Protein chains: 2
Amino acid sequence: MMDWQAEIEAAQARISPYVRRTPVMEVAGLGRSDAVTVKLEQTQLTGSFKVRGAFNTLLSQPVPAAGLVAASGGNHGAAVAHAGARLGHRARIFVPEMAGPTKIGLIERLGADLTVVSGAYANALEAARTYEAETGAMQIHAYDAPGTVIGQGTCMAEWEDQRLDADTVLIAVGGGGLIAGALAWLQGRRKVVAVEPEQAPTLNAALAAGAPVDVEVSGVAANALGARRIGNICLGLVQNHLGQSVLVSDDAITAAQQALWRELRQLVEPAGAAALAALMSGAYVPEPGEKVAVLICGGNIAPEPF
Amino acid sequence: MMDWQAEIEAAQARISPYVRRTPVMEVAGLGRSDAVTVKLEQTQLTGSFKVRGAFNTLLSQPVPAAGLVAASGGNHGAAVAHAGARLGHRARIFVPEMAGPTKIGLIERLGADLTVVSGAYANALEAARTYEAETGAMQIHAYDAPGTVIGQGTCMAEWEDQRLDADTVLIAVGGGGLIAGALAWLQGRRKVVAVEPEQAPTLNAALAAGAPVDVEVSGVAANALGARRIGNICLGLVQNHLGQSVLVSDDAITAAQQALWRELRQLVEPAGAAALAALMSGAYVPEPGEKVAVLICGGNIAPEPF
């Protein structure tokens with residue numbers, strides 16, 4: 001039985017010289033009159049939480065001379081590219097075409113070797129596995145490996161260090177690495193609400209089926225939340241600790257993106273606004289007096305503003 | 001002799017139910033390898049620090065039935081419109097044409113009555129003074145009134161509450177309300193560096209002349225930093241407490257805007273990036289080991305991303 005909290009505390013100490021402590025703030029007017037607490041994790045290095053898992057993985061095991069390999073819709077690839085470059089390892093990233101030129105360009109700028117793969121995330125993952133087998137490079141899974149989940153768990157641990165005052169935390173779900181880390185850290189101490197796009201309902205489908213199942217993915221957030229199947233680690237933690245699973249439409253995600261700009265001058269990618277969309281659209285309705293927190297997890301919007 | 005610190009503390013208590021406590025963070029890679037502390041004041045209500053001065057003014061004196069009047073290049077007008085609406089006062093804002101459609105639209109959305117005036121800020125100020133004389137409406141000066149300066153001073157007081165660890169603070173200057181508030185609060189306890197665009201050097205010219213003088217204003221930040229003449233209150237505080245006054249080019253401002261997006265996923269207006277531009281361009285060069293903080297003060301970029 002994994003002692004998740006001890007592992008996440010160890011990861012915090014391990015990665016803290018390499019990642020940012022991202023800011024938190026209280027904001028009224030985001031879908032309810034009561035203030036909502038937000039954590040601006042999109043101000044993290046490379047624009048998403050993903051560097052936490054990447055650094056934790058690289059700093060907790062030996063890295064082979066063949067370097068690193070990852071499959072990624074974009075943000076995880078950028079994180080592996082950054083962490084690899086920072087720690088002196090070559091990195092080969094397999095990116096699905098649907099990641100789009102902004103995220104692909106970001107990974108290139110970070111100095112990784114890049115292979116663009118036709119199709120969706122699952123195809124890129126297959127190519128990465130072949131490369132791993134052929135070269136002996138170290139695979140960093142985007143969400144379904146303990147080192148990744150433990151690294152992402154530092155985000156929630158950090159938020160509690162920052163005196164998080166919330167009954168409930170809303171978190172967007174793609175493959176489930178971020179929410180798995182949060183559930184592993186919290187161990188049921190706060191209600192966690194999983195938010196998925198209607199067009200990428202990997203967790204929702206797995207909960208209905210009782211096991212991970214493949215789903216079709218599309219929509220505005222697919223390049224970040226478009227894992228085709230939820231991670232096993234995530235599903236196990238969800239079955240023990242999740243408060244609620246909700247779905248949001250693409251229109252609700254876009255409206256939440258616009259609200260984050262209008263109310264807070266934060267420009268985020270669709271995935272980064274998905275958790276807020278649940279609150280603003282009524283997909284999740286808090287009880288009167290319930291204190292709600294929303295994790296803003298990614299900022300790599302396309303096209304880039306400059 | 002004004003007891004600035006006591007006044008600013010009283011203002012903090014007065015306005016805290018109405019304004020946001022804006023986040024701070026440490027960021028490496030912004031023009032130097034050492035971490036720089038930034039305060040993201042552009043996440044304030046209406047996208048700039050200006051609501052601090054507006055609420056402080058409205059909450060510390062009676063408001064006539066004729067309501068409020070302000071002249072503004074945009075951000076102050078938005079702040080007066082917001083504070084007026086929040087507290088139930090009509091507001092008439094005179095906006096110079098150069099404010100541009102984004103800021104003009106923002107003020108309209110906030111429910112103020114708007115008059116667009118040909119020319120620059122000084123022309124709008126003249127129109128506002130005429131309206132004030134004719135109607136008895138209360139004028140809220142954008143920068144050169146004690147209530148405004150005291151309100152803006154809460155930004156630096158709040159930053160110190162947030163355990164600011166810096167020898168030096170870089171602050172952009174237009175009419176000088178924000179830096180005046182900071183100087184009034186700090187009373188020489190930290191070095192303050194004033195940063196102005198080369199094309200709007202109101203403070204620089206006043207320091208050279210020994211008194212406020214009119215300057216020509218233009219350039220990318222003119223709609224926010226384009227006051228034609230520095231405030232008297234600011235100049236007095238500067239003569240007692242300022243560490244240094246530097247100028248930055250429009251290219252340096254644009255480069256700092258791009259860096260804030262690339263490194264931090266913060267999209268800010270030119271004025272909001274001007275202080276950082278001084279550090280990145282070498283207009284201000286810290287000593288080895290000098291801890292530097294940069295105030296990011298405005299986010300109302302045009303055109304808006306949505």
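The largest pocket holds about 1,400 Å³ of space, in what is a predicted model. Its lining runs to 46 residues, and both chain A and chain B chip in. The second largest pocket comes in at about 530 Å³, with 21 residues around it.

**Largest pocket: who lines it**
- Closest to the centre of the largest pocket you'll find Val24(A) and Met25(A) from one chain, plus Arg21(B), Thr22(B) and Pro23(B) from the other.
- On the chain A side, β1 (24–27), α6 (146–161) and α11 (250–264) each put at least two residues into the lining of the largest pocket.
- Chain B does likewise with β1 (24–27), α3 (75–87), α4 (100–109) and α6 (146–161).
- β1(A) takes the largest share of that lining, with four residues.

**Largest pocket: chemistry**
- Sorted by class, the lining of the largest pocket has 19 nonpolar, 16 charged and eleven polar residues.

**Second largest pocket: who lines it**
- Nearest the centre of the second largest pocket sit Arg20(A), Leu45(A) and His82(A), along with Ala28(B) and Glu263(B).
- Two or more lining residues each come from α3 (75–87) and α4 (100–109) of chain A, and from β1 and α11 (250–264) of chain B.
- The top contributor to the second largest pocket is α3(A), which gives three residues.

**Second largest pocket: chemistry**
- The lining of the second largest pocket splits into ten nonpolar, eight charged and three polar residues.

Terms used:
Residues are numbered from 1 along each chain as its sequence is written. Chains are lettered from A and ligands numbered from 1 in the order in which they are written. This is a predicted model: local features need pLDDT of at least 70, side-chain atom pairs count only at pLDDT 80 or more; totals for chains, interfaces and linings use all residues. Side-chain values use heavy atoms; hydrogens and water are left out. On a 1 Å grid over the protein atoms alone, a cavity is a set of points where a 1.4 Å probe fits but cannot get out, and a pocket is an open set with protein on both sides within 12 Å along at least five of seven lines; lining residues have an atom within 4 Å of a point. Grid points are joined across faces, edges and corners, and a volume is the space filled by probe spheres set on the points. Ala, Val, Leu, Ile, Met, Phe, Trp, Tyr, Cys and Pro count as nonpolar, Asp, Glu, Lys and Arg as charged, and the others, Gly among them, as polar.
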